[in-house]
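Let's take a friendly walk through this protein model. Have a look at the picture first, and then we can read it together.

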Amino acid sequence: MQTIYQTTITRIGENACDALLDNMLITFREGAPADIEAFCFIHSHGALNAELMPGCTLELAGHSYPVTAVGSVAGQNLRELGHITLRFDGSEQAEYPGCVHVAGHTPGNIPTGSTIKFIA
């Protein structure tokens, strides 16, 4: 197994957990504009070592999720901004260019200090 990307959640925006109710999790690296930060899980940002693609695995807060679809700019956004939208719906086609879709239940609790890791 190769780690494609790994980071740690350092802050949770005041409205970030609202997206979980819609089966989404939005990330952005530290230093996000304040109006965006309020809606994001802010993280320390790591290096993207390979392309994200269906078939890799997301590990988040102690759970594993198979990646089912990756939007056309999701890798670039993650690399440059630490920004992606994770969708917990198992879709095999990306809804938007910056989305990464995974199969499995939306986590109910993602505390500060949780790790986000993509492996292949």
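A cavity is a set of points, on a 1 Å grid over the protein atoms alone, where a 1.4 Å probe fits but cannot get out; lining residues have an atom within 4 Å of a point. Its volume is the space filled by probe spheres set on the points, which are joined across faces, edges and corners.

The model is predicted, so local features need pLDDT of at least 70 and side-chain atom pairs 80 or more, while totals for chains, interfaces and linings use all residues. Residues are numbered from 1 along each chain, and side-chain values use heavy atoms, without hydrogens and water.

There is one cavity of 30 Å³ or more, and the largest has a volume of about 30 Å³. Among the residues lining this largest cavity are Tyr-5, His-43 and Ile-116. The lining divides into four nonpolar, four polar and no charged residues.

Now for the fold. The chain has three helices and eight strands, which are DSSP runs numbered from the N terminus (helices H or I, at least four residues; strands E, at least two). The eight strands close into a barrel with mixed pairing, in the order 1-3-2-6-7-5-4-8; two strands pair if DSSP finds at least two bridges between them.

Here are two strands that pair:

| Strand | Residues | Bridges between the two |
|---|---|---|
| strand 4 | residues 57–60 | four, antiparallel |
| strand 8 | residues 115–119 | four, antiparallel |

Within this pair, Glu-59 stands opposite Lys-117 in strand 8. Finally, the C-alpha atoms fill a box of roughly 35 × 30 × 25 Å along the principal axes.

Conventions:
On a 1 Å grid over the protein atoms alone, a cavity is a set of points where a 1.4 Å probe fits but cannot get out, and a pocket is an open set with protein on both sides within 12 Å along at least five of seven lines; lining residues have an atom within 4 Å of a point. Ala, Val, Leu, Ile, Met, Phe, Trp, Tyr, Cys and Pro count as nonpolar, Asp, Glu, Lys and Arg as charged, and the others, Gly among them, as polar.
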